[in-house]
Amino acid sequence: MASYPATTPHVQGSEASSRAFWMVATMLLGFTVAIVAFFALMMWADARESRDTPSSQSSAVESAAATGHDHATDHNTALPLNSFAGVVPENATELAEAHKANDATLPAVPAGDLVKVQMTLKDMTVEVAPGVKYNTWAFDGHGAPGPVVHVREGQTVEMTLTNGGTIPHSIDFHAARIAPNVAFKDVTPGDSFTFRFKATDPGVFMYHCGTKPVLAHIANGMYGAIVVDPAKSLPAVDHEYVLVASEWYLNGDGISEPASLDMAKARAMMPDWTTFNGYANQYVTHPLTAKPGETTRFYVVAAGPTLDTNFHVVGSLLDRAWVNGDMTSPPQTGVQTVLVPAGGGAVFDVKIDQEGLYPFVSHAFAHVDLGQVGLLKVGNPKGTMSH
Ligand SMILES: [Cu+2]
């Protein structure tokens with residue numbers, strides 16, 4: 001008996017919880033059906049809205065216009081990017097011939113222990129390809145790249161930067177060991193700033209504006225090369241040329257009016273033009289020269305802002321290659337193509353015995369297609385080069 005009362009409530013309790021279970025299950029099923037129906041309704045409404053709106057992009061633009069906030073440029077790398085690669089005016093050949101090529105010849109080292117360098121930054125329109133104009137932030141009297149600075153190991157460089165532009169700029173020398181917050185500080189428009197550094201490391205180095213966003217300042221032409229000769233001279237050569245490789249990102253074709261920077265294309269690394277010394281193919285039209293049997297030295301800096309340069313001379317090998325501009329180690333010899341990283345430099349000696357036209361290129365061939373190619377004319381060959 002004692003167990004009966006004990007079991008009866010148990011049986012009763014079991015029946016009660018079973019009823020409760022079914023009530024809860026029914027309620028949950030009801031909720032689930034309601035939630036599914038709600039989401040189905042939302043999806044139907046979305047589908048209807050997108051059918052009635054031409055594109056979600058124009059919707060974003062309209063919403064940006066309505067709110068005054070530019071949502072469209074917040075994530076604009078997803079937008080279509082228009083290429084102006086290779087777009088030149090009809091008379092491009094004549095314009096290329098009339099263009100005075102940037103003098104690639106390495107200037108002499110100034111005498112004395114102190115080398116004073118003065119640069120004035122200036123907003124100016126330059127041509128980056130025949131008939132293709134671009135609004136740079138560049139160097140007065142030079143455009144882009146800026147002047148080649150040539151010193152010897154142990155000399156002190158006194159750099160005076162004058163900002164003749166309209167926004168703050170600065171100058172960062174990769175050859176300098178110096179506190180950047182002091183030396184590479186922003187200089188406001190109209191001001192000048194002077195700092196000194198001792199050239200302790202031989203090589204070929206980039207200099208550039210380091211003001212934020214650096215991508216925009218370099219893309220707009222604020223870069224150049226400094227060559228620091230080693231105290232113990234490199235082997236003597238017959239010709240020394242400086243090539244600063246860079247790429248350009250245009251927001252228009254630059255023909256009827258100058259183009260400016262397309263920051264979305266710069267971020268997406270989609271250049272319209274790639275150049276040696278700031279102008280597409282200029283040394284194809286106006287080749288660098290040497291005589292058969294002579295040795296030519298190329299100082300190459302890849303200014304970027306982002307892309308590397310894969311230096312190669314068609315029809316030859318790089319007889320001596322100071323990779324990364326490292327002159328404390330012996331050069332590599334007899335190599336075909338050497339990577340010059342964005343923000344880096346390297347030195348190459350090429351001895352060519354046979355008369356001919358020898359293209360020097362970035363062997364990442366999209367760069368050749370966009371203009372990063374020139375010719376070393378050895379002797380007086382006949383005919384032209386297809387590269
Ligand atoms: Cu700048």
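How many bridges join strand β9 (residues 239-248) to β12? The views below, of a predicted model, take up this pairing and others.

**View 1. Strand β12 and its partner β9.** Strands β9 and β12 run parallel and are joined by 8 bridges, where strands count as paired if DSSP finds at least two bridges between them, and where strands (E, at least two residues) are DSSP runs numbered from the N terminus. Within this pairing, V242 has Y299 of β12 as its bridge partner.

**View 2. β12 beside β17.** Strand β17 (residues 344-352) pairs with β12 in the antiparallel sense over 9 bridges, and T295 has K351 in β17 as its bridge partner.

**View 3. The two faces of β12.** Because 11 of the 11 residues of β12 (residues 294-304) are buried (under 20% relative accessible area, 1.4 Å probe, protein chains only), this strand is largely enclosed by the rest of the structure. In a regular strand the side chains alternate between the two faces of the sheet. In β12 both faces are covered, with E294, T296, F298, V300, A302 and G304 buried on one side and T295, R297, Y299, V301 and A303 buried on the other.

**View 4. An open sheet of 4 strands.** The order is β2-β1-β4-β6, with mixed pairing; β2 (132-139) and β6 (192-198) are the edge strands, each pairing on one side only. Strand β1 (residues 114-129) pairs with β2 in the antiparallel sense over 8 bridges, and the bridge partner of V126 in β2 is Y134.

**Notes.** Residues are numbered from 1 along each chain as its sequence is written. Local features need pLDDT of at least 70 in this predicted model.

Notes: This is a predicted model: local features need pLDDT of at least 70, side-chain atom pairs count only at pLDDT 80 or more; totals for chains, interfaces and linings use all residues. Side-chain values use heavy atoms; hydrogens and water are left out. Buried means under 20% relative accessible area, exposed over 50%, partly exposed in between (1.4 Å probe, protein chains only).
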